[in-house]
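Let's work through a few exercises on how chains in an assembly touch each other. Keep the 3D view open and try each task before you read its solution.

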Amino acid sequence: MDPVEELRAIEEIRQVKYRYLRCVDLKLWDEIGVEFTADATVDYGTMVYGKPLKISGREHIVEFFRTKLGPDIITVHSAGQPEIIVDGGTARGTWSFEDTVIAIEHRVVIKGAAFYRDRYERGEDGHWRIAHTGYVRTYEAMLSLDDLPSFRLTAKPATGGPGADGADVADAAVR
Amino acid sequence: MDPVEELRAIEEIRQVKYRYLRCVDLKLWDEIGVEFTADATVDYGTMVYGKPLKISGREHIVEFFRTKLGPDIITVHSAGQPEIIVDGGTARGTWSFEDTVIAIEHRVVIKGAAFYRDRYERGEDGHWRIAHTGYVRTYEAMLSLDDLPSFRLTAKPATGGPGADGADVADAAVR
Amino acid sequence: MDPVEELRAIEEIRQVKYRYLRCVDLKLWDEIGVEFTADATVDYGTMVYGKPLKISGREHIVEFFRTKLGPDIITVHSAGQPEIIVDGGTARGTWSFEDTVIAIEHRVVIKGAAFYRDRYERGEDGHWRIAHTGYVRTYEAMLSLDDLPSFRLTAKPATGGPGADGADVADAAVR
């Protein structure tokens, strides 16, 4: 494979992954679907729902996010350390991953780490998309905020629903 | 744009951002200024000072860091997931971001996440610099170390002032 | 240096580092050695053993990992922000670094941050390897899980020994 084409493919695939992760944390459900192939599959190794989570099809994946990650749930999904191997119009990628989920009303924090194993495909339009994404946990842990009486949320995103504007929340906290 | 030139610009911009972040955490205030254009602007969405923080001009930015981030403040600023779009001699970049601040004497920890929206410019000397950097919080939270009586700092950087050498601190902690 | 060769070298070095870090967290001790030169040196600024840790030689490095990071120890090593400078067949790299270590039986969590300073060499077979890796801590802190009575590990890797399969652990936790 031409070395410049390979470097470009790696960079394009990285940015697909980064847009996907940003859409999750900013809850951009109308934008996230385009990063997946129509028949994409996901296989998340989280234990939050009691067993690993498998979903097939772009529309079901987006619907899952929209339903599960409402305004009460703050998520931070950080992936790095990409090991991407391009083979023509397909590619595989391994990533490190750490996530933090704060369920505000339930006063629960979930922290974890994992390694993603993804597969990517380049479409007829030249764009790379996620054909499969999945991860296996290094660990996952839960904690109740009741153990941390001083814990105070001083900002959350403006998309977090009524009264959730960062500045307002901070003003309230400072008073 | 030539694909090799574009890939080089993306790599150079990433390294500008990484030097900037490293200078912040290592408190290298004599080195950090060169990463900004003379008229750079910053717009940090932290709520620590009660409202978002806006500063204009390289010298004011460096002075802010020098004044606010003294030896009592440990900071860890981690940015990743760069989505960089180059357009000739200017570029835009979106980054994920997580930070940890430990105010040792106040016994307070601040944790947060955000997405940066930056603008970069290539100078007449060929070097890329930060023309604007700003972020919007996903969340920010504060915690008192009084909730964690077993918490023990076993190392902090040698730049942390008298007696703050990592080895000395660890020796004291182990005894 | 040819710009395409330089970009390729940077990408190859990044992937060497990422494979090394992944092998540490997944405890792949039979795979990790190939990422080091035979006479590689490490100099980790952790204070866990009371003083900084220096080891010489690929075999001693692998043996250290194998001995110290058994199934009771969960580790998450995240490096990012690579500033890599290539000079022919050698290269230097600076990285940000954050790590989390959970010693399950001892009920201790160690968190820290650092900056790596590495040196890489390209072998006669064309592969890049780590010739030296070391880091200086920004901070390191220890915490007993006794301070967090609600803390519950809901998944750990299947390599974690008998009964450590993620699904089983989660099933037990949910009951």
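**Exercise 1.** Find how many residue pairs are in polar contact across the interface of chain B and chain C, then work out which elements of chain B take part in the interface.

*Solution.* Start with the count: this is a predicted model, and across the interface of chain B and chain C there are 10 residue pairs in polar contact, with both residues at pLDDT 80 or more. Next, look at the side of chain B that touches chain C: the elements giving two or more residues to it are α1 (3–26), β3 (73–87), β7 (152–155) and α4 (166–174) of chain B. Of these, α1(B) supplies the largest share, 12 residues. Finally, sort the residues on that side of chain B by type, and you get 18 nonpolar, seven polar and 10 charged.

**Exercise 2.** Say how many residues each chain brings to the contact between chain B and chain C, and how much area is buried there.

*Solution.* Count chain by chain: 35 residues come from chain B and 26 residues from chain C. Now for the area: about 2600 Å² is buried between the two chains, and carbon and sulfur atoms give 60% of that.

**Exercise 3.** Count the salt bridges between chain B and chain C, and track down the partner of Arg14(C) in one of them.

*Solution.* The count is two salt bridges. For Arg14(C), the partner is Glu11(B), and the closest N and O atoms of this pair sit 3.0 Å apart. That fits the rule, which asks for a nitrogen and a carboxyl oxygen within 4 Å.

**Exercise 4.** Work out how β7(B) pairs with a strand of chain C.

*Solution.* The strand to look for is β6 of chain C, residues 128–144, and β7(B) pairs with it in the antiparallel sense over three bridges. To place the pairing, pick Ala155(B): its bridge partner in β6(C) is Glu140(C).

**Exercise 5.** Find the rotation that superposes chain C on chain A, and explain what kind of axis it belongs to.

*Solution.* Turn chain C by 120 degrees, with 0.0 Å of shift along the axis, and it lands on chain A with an RMSD of 0.0 Å. That's the relation of a three-fold axis. Now check the surfaces: only 14% of the interface residues of chain C are also interface residues in chain A, so the copies meet through different surfaces. Try chain B on chain C too: the rotation is 120 degrees, with 0.0 Å of shift along its axis and an RMSD of 0.0 Å.

Conventions
Residues numbered from 1 in each chain as written. Chains lettered and ligands numbered in written order. Predicted model: local features only at pLDDT ≥ 70, side-chain atom pairs only at ≥ 80, totals over all residues. Heavy atoms only, no water. Contact = heavy atoms within 4.5 Å. Buried area = accessible area lost by both parts, 1.4 Å probe. Salt bridge = Lys/Arg side-chain N within 4 Å of Asp/Glu carboxyl O. Polar contact = N/O pair within 3.5 Å; in protein donor to acceptor, adjacent residues only side chain to side chain. Helix = DSSP H or I, 4+ residues; strand = E, 2+ residues; numbered from the N terminus. Nonpolar A, V, L, I, M, F, W, Y, C, P; charged D, E, K, R; others polar. Pairing = 2+ DSSP bridges. Least-squares fit on C-alpha atoms with pLDDT ≥ 70 in both.
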